[in-house]
Amino acid sequence: MNTVELLQSDFKLFLQALWSELDLPSPTRAQYAIADYLQHGPKRLQIQAFRGVGKSWITGAFVLWTLFNDAEKKIMIISASKERADNMSIFLQKLIIETPWLAHMRPKSDDSRWSRVSFDINCSPHQAPSVKSVGITGQLTGSRADLMILDDIEVPGNSMTELMREKLLQLCTEAESILTPKQDSRIMYLGTPQTTFTIYRKLAERSYKPFVWTARYPRAISKYEGLLAPQLAEDLDNGAEPWDVTDPDRFDSNDLLEREASMGRSNFMLQFMLDTSLSDAEKFPLKMADLIVTSVNPSSAPEAVVWCSDPQNVIKDLPTVGLPGDYFYSPMQLQGNWDPYTETICSVDPSGRGSDETAAAFISQRNGFLYLHEMRAYQDGYSDQTLLDILKGCKKYGVSKLLIETNFGDGIVAELFRKHLQQTKQSVDIEEVRANVRKEDRIIDALEPVMNQHRLVEWDFKSNSDAAPEERLLYMLFYQMSRMCREKGAVRHDDRLDCLAQGVKYYTDAMAISAYEQMKIDRQQDWQDMNEAWLDDPQQAANHMAFGMSLEQRKKARMLNGKKSVPTWV
């Protein structure tokens, strides 16, 4: 068997040769498994593999392998957007042009189609192009194809609501009418679930058999209903440890831990574990146990706050309104020096009169930790009394910025705040933000990663609502937090939680700050200041150390001596 026949007989060999031509490392185990399923899988299939495994690249190579075997095949590539589908088409064209052993596939006639929308290879004339790319909402009718590839057609923008998902499924049905009635015609779906109500679950019910490859070996294989990749199921039968990495050549354990911390558990379970089950543990991702509950100083904070789930840290005398088994935890330790906050803001979510509340959250940040001082809520809309009370809170906590959502009132609330700021002679910046993502997703995406990393410290656990006693529970911040999920209308009243999420999202950049790295930098600065102090006046520096002078005392002593720099060493 010559080289061409070998490449035609086994897609895995073709993939390895193409990767070598692109100067890429050899395909990983997961990539070989996907390639094998593409070649030998059923007529209608779907591949669900963790984000970043290279599904689209592998499938692009499969398109070329299909044409390498039969130049008369007609293939359609469908993606969520026209641009993404076109990028796949351009990628294939570039491979045909630059790969020497694919040179025979280049079109010989100048009349052949060769655009990013559609192109021909060296084949007989036909009304349909060899490869055509189109967006899922584009013109599908009137086309014909022997192989249809629907690549990542589900994205957050077209699957956030049930209505959107129904529309997307209807468009998927259109693919069946495009497929040519041949024995070897095939439809392939590639994707990663974007919601717990993903359309890929519905497709499985329509005879599109899934092949599921997770980033880690699952702890509960039963959740996958027998759809887990056979290689992974065999590994588990042979003693593989649950939660070990399945493809270490692609992502190692530390990389996956970092991704889980940054994107939150529920998103990680969706996009890396392909787990769309709806157990309470994953359906309600915002846990009281992930918070650090302690008194919050109005003007300063320690360098780091250490969280620990030791039973000794459970606050037993503090009532929690979370789900069963969810508790508040006090910090295990407060580390480092206490210094002023880096920044303090007031996040405001305005509303009209009625059952909804105008909420204001006062949040400070230091070393990547967020401190919720107080949550205030009002049911009289944005009256002068309400706005002035919020500004009193701004003065109390030293707020430097007001963050105001403009979806309600179209900016009028910000103008009213400016008027009262002038009257009260307060200097506070106003920044307007507009929400354009569904509320439930927006809240969870903002809060879950921060809470999972135990970066949110708070003390305001009260209701402070004017509602009737039987309704008061619904207005509590932590009742709203514990019941929030990605279903539309998950929580009846969510104003306080939405306000908190808006403020936390503002501080997202601060989450990149490591408290322990900052402490290391501070210690290095202390050491430098100490050396400078010894050079300036060794006797005075020795006296300060001997008497254990405080930072404030050292500041005064050095200022009296005319020194510009003030060491912070002890």
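## Two residues with positive phi

In this predicted model, H454 is buried, with a relative accessible area of 15%, a value that falls under the 20% limit for burial. H454 belongs to the loop that connects α15 (439-452) to β18 (456-458). Its phi is near 55°, a positive value in a residue other than glycine. Most residues other than glycine have a negative phi.

K425 also has a positive phi, near 60°, and is likewise a residue other than glycine. The loop that holds K425 runs between α14 (412-424) and β17 (429-433). K425 is exposed, because its relative accessible area is 78%, and the limit for exposure is over 50%. The two loop residues therefore fall into opposite classes, H454 being buried and K425 exposed.

## The chain as a whole

The protein chain contains 21 helices and 18 strands. Of its 570 residues, 52% are buried. The chain exposes about 26800 Å², of which carbon and sulfur atoms supply 51%.

Contacts between residues distant in sequence are also described for the chain. When contacts between residues at least 6 apart in sequence are considered, 70% of them join residues at least 24 apart.

## The seven-stranded sheet

An open sheet is built from seven strands in the order β3-β4-β2-β5-β6-β1-β7, with mixed pairing. Its edges are formed by β3 (118-119) and β7 (209-213), each of which pairs on one side only. Strands of a sheet pair through backbone hydrogen bonds, in either a parallel or an antiparallel sense.

At the β3 end, β3 and β4 are antiparallel and share two bridges; F119 stands opposite V131 of β4. On the β2 side, β4 (residues 131-135) runs parallel to β2 (residues 75-79), and five bridges join the two strands. In this pairing, I77 faces S133 of β4, and S79 stands opposite G135 of β4. Strand β4 is mostly covered, with four of its five residues buried.

## Strand β5 and its neighbours

Strand β5 (147-151) pairs with β2 in the parallel sense over five bridges. M148 of β5 is the bridge partner of M76. A further five bridges join β5 to β6, and these strands also run parallel. In that pairing M148 stands opposite I187 of β6, which places M148 opposite residues of both adjoining strands.

Five of the five residues of β5 are buried, so this strand is largely enclosed by the rest of the structure. In a regular strand the side chains alternate between the two faces of the sheet. Both faces of β5 are covered: L147, I149 and D151 are buried on one side, and M148 and L150 are buried on the other.

## Helices packed on the sheet

Helix α4 (residues 55-69) lies across β1 (44-49), β2, β4, β5 and β6 (186-191), and runs at about 160° to β6. It comprises 15 residues and reaches 21 Å from its first C-alpha to its last, close to the 21 Å expected at 1.5 Å a residue. Because 13 of the 15 residues of α4 are buried, the helix is largely enclosed by the rest of the structure.

Helix α5 (residues 82-98) also packs on the sheet, where it touches β2, β3, β4 and β5. The direction of α5 makes about 160° with that of β4.

## Nonpolar cores

In soluble globular proteins, nonpolar side chains tend to be buried together. The largest nonpolar core here has 61 residues, among which F11, F14, L64, L92 and W213 touch the most other members. Helix α4 gives the most to this core, with eight residues. A second, separate core has 37 residues, including I363, I443, M481 and A501.

The surroundings of W213 include both nonpolar and polar residues. Leaving aside residues up to four places away in sequence, W213 touches R29, A30, A33, Q48, A49, F50, A229, Q231, L232, T246, D247 and L274. W213 is thus a member of the largest nonpolar core that also has R29 and D247 among its contacts.

Note on methods:
Residues are numbered from 1 along each chain as its sequence is written. This is a predicted model: local features need pLDDT of at least 70, side-chain atom pairs count only at pLDDT 80 or more; totals for chains, interfaces and linings use all residues. Side-chain values use heavy atoms; hydrogens and water are left out. Two strands pair if DSSP finds at least two bridges between them. Contact means heavy atoms within 4.5 Å. Axes are lines fitted to C-alpha atoms, for helices over the stretch in contact, and angles run from 0 to 180 degrees between N-to-C directions. Buried means under 20% relative accessible area, exposed over 50%, partly exposed in between (1.4 Å probe, protein chains only). Accessible areas come from the Shrake-Rupley method with a 1.4 Å probe; for residues, only the protein chains shown count as cover. The expected span of a helix is 1.5 Å times one less than its number of residues. A nonpolar core is a set of buried Ala, Val, Leu, Ile, Met, Phe, Trp, Tyr and Cys residues joined through side-chain atoms within 4.5 Å.
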